[in-house]
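Please look over the sequence and the structure below before reading on. The report that follows takes up contacts, nonpolar cores, salt bridges and backbone angles in turn.

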Amino acid sequence: MYKIKTSDFFNDTIDKKLFNIDVVKNISQDFFISRYSSLYVVYYLYFKIEFCFKENINLYYIMVERNLKNRENTLFEYEDDLLIFDKTKDEIGSIIDDNIIKQNNIELYFSEGEIDSLYFFKR
């Protein structure tokens with residue numbers, strides 16, 4: 001089983017196996033492939049985790065957002081250990097540009113003052 005915690009994004013401690021497109025293909029529950037990128041989606045409880053690969057091989061980003069439906073995945077687990085999806089713009093308190101907070105290789109997107117999604121861009 002593969003696991004990601006919110007703190008893994010901020011500490012850059014994500015399991016490097018999840019940077020491999022073949023691993024992600026095997027745990028994904030949905031996908032979309034275009035000429036320029038491949039998106040693989042994993043659902044865990046009330047979260048949707050999207051893996052985007054450029055040139056159909058190189059990880060470009062991992063995105064996490066809340067999902068309305070409770071779904072299980074026996075091969076993947078996500079934990080919001082920082083409870084970031086329960087925080088508002090005011091609680092985060094960083095530089096905000098057009099409802100986006102950028103910190104190193106992470107971007108937090110806000111909608112109506114609450115976190116809508118977290119993007120981790122692989123360097």
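Two residues are said to be in contact when heavy atoms of the one lie within 4.5 Å of heavy atoms of the other. The model discussed here is a predicted one.

With that meaning in mind, we can begin with Thr6, which is placed in helix 1, a helix that covers residues 6-11. If neighbours within four places in sequence are set aside, Thr6 is in contact with Tyr78, Glu79, Asp80, Asp81, Leu82, Ile84 and Leu118. Thr6 has a relative accessible area of 0%, and because buried means under 20%, this residue counts as buried.

The nonpolar cores come next. The largest nonpolar core has 30 residues, and among these Phe9, Phe51, Ile62, Phe76 and Tyr78 touch the most other members. Two or more residues of this core are given by each of helix 2 (21-27), strand 3 (37-54), strand 4 (58-71), strand 5 (76-79), strand 7 (106-111) and strand 8 (114-121). Strand 3 supplies the largest share, which amounts to 7 residues. Phe9, when residues up to four places away in sequence are not counted, touches Ile4, Ile14, Ile62, Val64, Tyr78, Ile106, Leu118 and Phe120. Apart from the largest core lies another one of 6 residues, including Leu39, Cys52, Met63 and Phe121.

Strand 3 also holds Phe47 and Lys48. Phe47 is buried at 13% relative accessibility, and Lys48, at 18%, counts as buried as well. Leaving out residues up to four places away in sequence, Phe47 touches Val42, Val64, Glu65, Arg66, Asn67, Tyr78, Asp80 and Phe85. The C-alpha atoms of Phe47 and Glu65 are separated by 5.7 Å, although these two residues are 18 residues apart along the chain. Lys48, counted in the same manner, touches Val41, Val42, Tyr43, Met63, Val64, Glu65 and Asn67.

How many salt bridges does a search of the whole structure find? The search finds 3 of them, and the table gives the partners together with the separation of their closest N and O atoms.

| Basic residue | Acidic residue | Closest N and O atoms |
|---|---|---|
| Lys16 | Asp12 | 3.9 Å |
| Lys48 | Glu65 | 3.4 Å |
| Arg66 | Asp86 | 2.4 Å |

The pair of Glu65 in strand 4 and Lys48 in strand 3 links distant parts of the chain, the two being 17 residues apart. Arg66 in strand 4 and Asp86, in the loop between strand 5 and helix 3, also form a link between distant parts of the chain, 20 residues apart. Arg66 is partly exposed at 45% relative accessibility, and Asp86 is partly exposed at 48%. In the remaining pair, Lys16 is partly exposed with a relative accessible area of 46%, while Asp12 is partly exposed at 42%.

Finally, the backbone angles deserve a look. Most residues other than glycine have a negative phi. Leu83, however, has a positive phi near 50°, and this residue sits in the loop between strand 5 and helix 3 (89-92). Asn104 is likewise not a glycine and has a positive phi of about 50°, and its place is in the loop between strand 6 (100-103) and strand 7. Is Asn104 buried or exposed? At 70% relative accessibility Asn104 counts as exposed, whereas Leu83, at 49%, counts as partly exposed.

Notes
Residues numbered from 1 in each chain as written. Predicted model: local features only at pLDDT ≥ 70, side-chain atom pairs only at ≥ 80, totals over all residues. Heavy atoms only, no water. Helix = DSSP H or I, 4+ residues; strand = E, 2+ residues; numbered from the N terminus. Buried < 20%, exposed > 50% of the residue type's maximum accessible area, 1.4 Å probe, protein only. Core = buried A, V, L, I, M, F, W, Y, C linked by side-chain atoms within 4.5 Å. Salt bridge = Lys/Arg side-chain N within 4 Å of Asp/Glu carboxyl O.
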